[in-house]
Structure formats: structure tokens, C-alpha cells
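Me: I would like a close look at one part of a protein model, the contacts between its side chains. Please take them kind by kind and keep the wording plain.

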Amino acid sequence: MKVLLRAATIYDPQSEFHLQQQHILIEDGIITYIGEAEQEADKTIALDDLSVSAGWVDMHAFAGEPGLEYKEDLESMAAAAAAGGFTAVVCLPNTLPVVQTRSAVNYIGTRSQQLPVSLLPAAAVTVDAQGKELTEMIDLQQAGAVAFTDGTQPLQGAEVILKALQYVQLFDGLLMNRPEHVQLTAHGQMHEGEASTRLGMKGIPALAEEVMVTRDLQLLAYTGGRLHFSLVSSAAAIEAIRKAKAQGLQVSCDVASYQAAFTDETIVPFDTHYKVAPPFRSSKDAAAIREGLVDGTIDALVSAHMPHDAEAKNLEFDLADFGIINLETAFAVANTTFGDSLPTAQLIEKLTTNPRRILRLAQPRIAIGERANLTLFAPKQSWVPAPASSKSKAQNSPFFGQELKGKVIGIIHKGQLVLN
């Protein structure tokens, strides 16, 4: 099958056509032509503002398979990811059982072979993600684990972080951790501030993130290794990471694409679709996220996709689970939130080049003779997400019914074309 992308703006710093409008012909999954001459094709994709980049990578998403398939299975996750422009997704290990064996890692790889999206297993750092005994990380890495994280369970013990950082150096592995001091956030429901006091809700202090970032950076300076902070959200944490990078530490971080879309003052009070971890914080923190993205302190944008069944969300706020779905809206939310200060090329870098660099994945190129691993999108096109068109099994999103700027047109990956 021949697919023609007509007059598409190319976002690929490796390409001689970077930021140029060109026709791109893909034949049986291989890029065979890039240029200004019109080409014959079985399928032509043409629209104003058509843009193309290397396929996007999401470093932080949850699917319930195995064990929690009623929330999201790997097939529905892949469908949602494709609709959101992602050709690769790192799957958190917090399934039943936890991804901590060679067979569990192989299962995810095998299941994704026929899907249009590559599902990349992250394995647990500790047995059952309990934060105590280390898993067999060398064995898991050899089986195909792309990173090590306890996922939704923040690592607490300094000795565990220290041992894990020493261990991953044996194979240049990546330790990922969501920085949260759980004793400081116990029973918290939203960001600790004036809004939480006004609403009479127990707050989640930014301090709980900041103290763990500071501690883990000290451990990294002591041991060496590669450390990635998942879902940073506070100004002080971002500043600490900025200083650590300036000192030459091998540290990286990501932020949920929705993290600055709301603040604790702008969320709809008591609406569980706004209950996320870490929480929507202050306007000062949102401004720090924007600054961190612009100056490169924050390396990657992630979906932080956390699907829940209705029974987990249709509850009183303090009883409902944390998290929202965001695979299909991740780009649009970031583009809508940061588009005035973060150029499209820089935003795309947070979804392509940087995640692959951190995960040590091959960088696809938009060049003749290369296998197509592409995301098609229109950064200026507006759209309104709706439950009826969502590919996810879950519907826990605060963005349904909201107009967003930046629409994914589809992906081309593994020889498959998936269009929205």
C-alpha cells in the first residue's frame, strides 16, 4: 500500500527537511520519497496544517492487564495510544501480578507484536512494588524491561534507592521514581494551600515531593547511575533538578502533560475527575513547569494515563481513586497549555527525541529508505474530546467537552496506518 502525506511540515532535527513542507510517500511501511513533486498513492492524506514527526513515546502509562483488565487492557491501551499519536508506550508494572519476572516482561512484548503501538514493559524495582527487596533486575533487563520503577508506589527507603542505583549501573539501566514522601501525604486529597483550607480538605504539601527529590539527588551524587523523576509538579523540585543537571548528574525528569492545565484554584471543587497524583498545584508551580519545559530542565511530557472504572471515581472525593485518562489528549492538552511559550518543535522534542534518549531507544529518522515510525498531527486544529469517541475503556477525564488546540491525525508504525 502506498500512502502519501501531502505537503506535510516535517519535525525531525535529524532530517535535512526539518521544518520544511514536503510530500512524503510511504510504500509498505518504508519511506520511499520525500520531495516537492506530486506522487501517486493508494491513500493520500492532505489537510491544512498537516505535520509529521517521528513517532511519539509515552514514558508513563497504566494498563491493567494482567489482573485489572476491567480498567484497561493492552489492546484498548494501544488503541488509545494510537489515537493520541503515540507509537510506543512504557507500561507501568503495577498489575496483578506485578511485572517482576521474565515471563511477565515477555508477555507484554508478545501481546504488543500485532498491535500498531509498541508496548514497552517497565519492571518493578522491588518485589511486589513493596519498596523492600530488589527484583532480579539484570534478568529483567535481558528479558526486555526498558526501565525500573515501582510505578504508582513511590520508593521510600534511602537504602533501596542507593542499592538500585548501584545495581542499574551494571547494565546502564534507568531507575525511575515518582518523588513523594507518603507519610507527609497520608490522607491528602488536593494540593495543600488556601484552596484546600477553604474547602476543608486535607492537603498534599509540595514539601512531600521536594524532600524526596533533594534526598534522591544526594544519593545519586553519592552512587552515580541514571535517575529519572516521574511526574514532577513543584517549583522547588524543578529548581533542585535544574541545579543537579548543572552539576553534571545523570538526572532527567518528566511532567504530566496536564499538570499545568489547572491549579488548585481552578479545579472544579469535589469533582473526582480533577483528583490526580501529584495534585494540581499552585499557579507558582504551574509557572515553574512552564519555565522548566522551556529551558530544558524538564525533559519529557507524559500522559500519566491512569484509567479507572466508574465505581472507583463515582464516589465522594476523599474515597475516589487518583488519576485520569490522558493518552488521547496528552498532546492537545500540552499544546493548549504551553503553546504560547513552547514552540511546536520544542514540544515535539519532549515527546520524541528526549524520551528515546532517556530510555536508550533507537531514534527513527524521516529519511528515504527508513521504516516509517511516524506521528501525523495538526498543531493548529481545534477539537473537542468526547466519551463516545474515546478508545479507552475508562472515562475519567476532565477534558471531555473542552475545546483543545492540536489534533492527532494518526500514526504509521509497524507497516500499519491508523487514522482518527
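Reply: What follows goes through the side-chain contacts of this predicted model, beginning with the charged pairs.

By the distance rule used here, the count comes to 16 salt bridges. One of them joins Arg360 to Asp172, and their closest N and O atoms are 3.0 Å apart. This pair links distant parts of the chain, with the two positions 188 residues apart in sequence. Arg360 lies in the loop between helix 13 (353–359) and strand 16 (374–383), while Asp172 lies in the loop between helix 4 (158–168) and strand 10 (175–177). Arg360 has a relative accessibility of 48%, so this residue counts as partly exposed. Asp172 is also partly exposed, because its relative accessible area is 38%. The two residues belong to a network of salt bridges that links Asp172, Arg226 and Arg360.

Another salt bridge brings together the side chains of Arg290 and Asp340, at 2.8 Å from N to O. Here too the pair links distant parts of the chain, 50 residues apart: Arg290 is in helix 9 (residues 283–295), and Asp340 is in the loop between helix 11 (330–338) and helix 12 (344–349). Arg290 is partly exposed, with a relative accessible area of 26%. Asp340, in contrast, counts as exposed because its relative accessibility is 66%, and the cut-off for exposed is over 50%.

Arg365 and Glu370 form a further salt bridge, with 3.4 Å from N to O. Arg365 is partly exposed at 34%, and Glu370 is partly exposed at 30%.

Next come the aromatic rings. The structure holds ten aromatic pairs. Among them is the pair of Phe148 and Phe171, which is edge-to-face, with 5.8 Å from centre to centre and 65 degrees between the planes. Phe148 is in strand 9 (residues 147–148) and Phe171 is in the loop between helix 4 and strand 10, so this pair links parts of the chain that are 23 residues apart. Both Phe148 and Phe171 are buried.

Phe331 and Phe377 form another edge-to-face pair, with centres 5.5 Å apart and 70 degrees between the planes. Phe331 lies in helix 11 and Phe377 in strand 16, so the pair ties together parts that are 46 residues apart in sequence. Phe331 is buried, with a relative accessible area of 1%, and Phe377 is buried at 0%. These two rings are part of one aromatic cluster, formed by Tyr11, Trp56, Phe86, Phe331 and Phe377.

Some rings meet a charge. The charged end of Lys275 sits over the ring of Phe322, 4.6 Å from the ring centre. Lys407 lies over the face of Trp383, at 4.8 Å from the ring centre.

Cysteines and the surface remain. A search of the whole structure finds zero disulfides. Cys91 counts as buried because its relative accessibility is 3%, and Cys253 counts as buried at 0%. On the surface, Leu184, Leu207 and Val211 make a nonpolar patch of about 220 Å². Leu207 is found in helix 7 (residues 207–223). With 46% relative accessibility, Leu207 counts as partly exposed.

Key:
Residues numbered from 1 in each chain as written. Predicted model: local features only at pLDDT ≥ 70, side-chain atom pairs only at ≥ 80, totals over all residues. Heavy atoms only, no water. Disulfide = S-S within 2.5 Å. Buried < 20%, exposed > 50% of the residue type's maximum accessible area, 1.4 Å probe, protein only. Patch = residues over 30% accessible without salt bridge, like charges linked within 9 Å, V, L, I, M, F, W, Y side chains within 5 Å. Areas by Shrake-Rupley, 256 points an atom, 1.4 Å probe, with all protein chains shown as cover. Salt bridge = Lys/Arg side-chain N within 4 Å of Asp/Glu carboxyl O. Helix = DSSP H or I, 4+ residues; strand = E, 2+ residues; numbered from the N terminus. Phe/Tyr/Trp six-rings, centres within 6.5 Å; stacked < 30°, edge-to-face > 60°. Lys NZ or Arg CZ within 6 Å of the ring centre and 35° of its normal.
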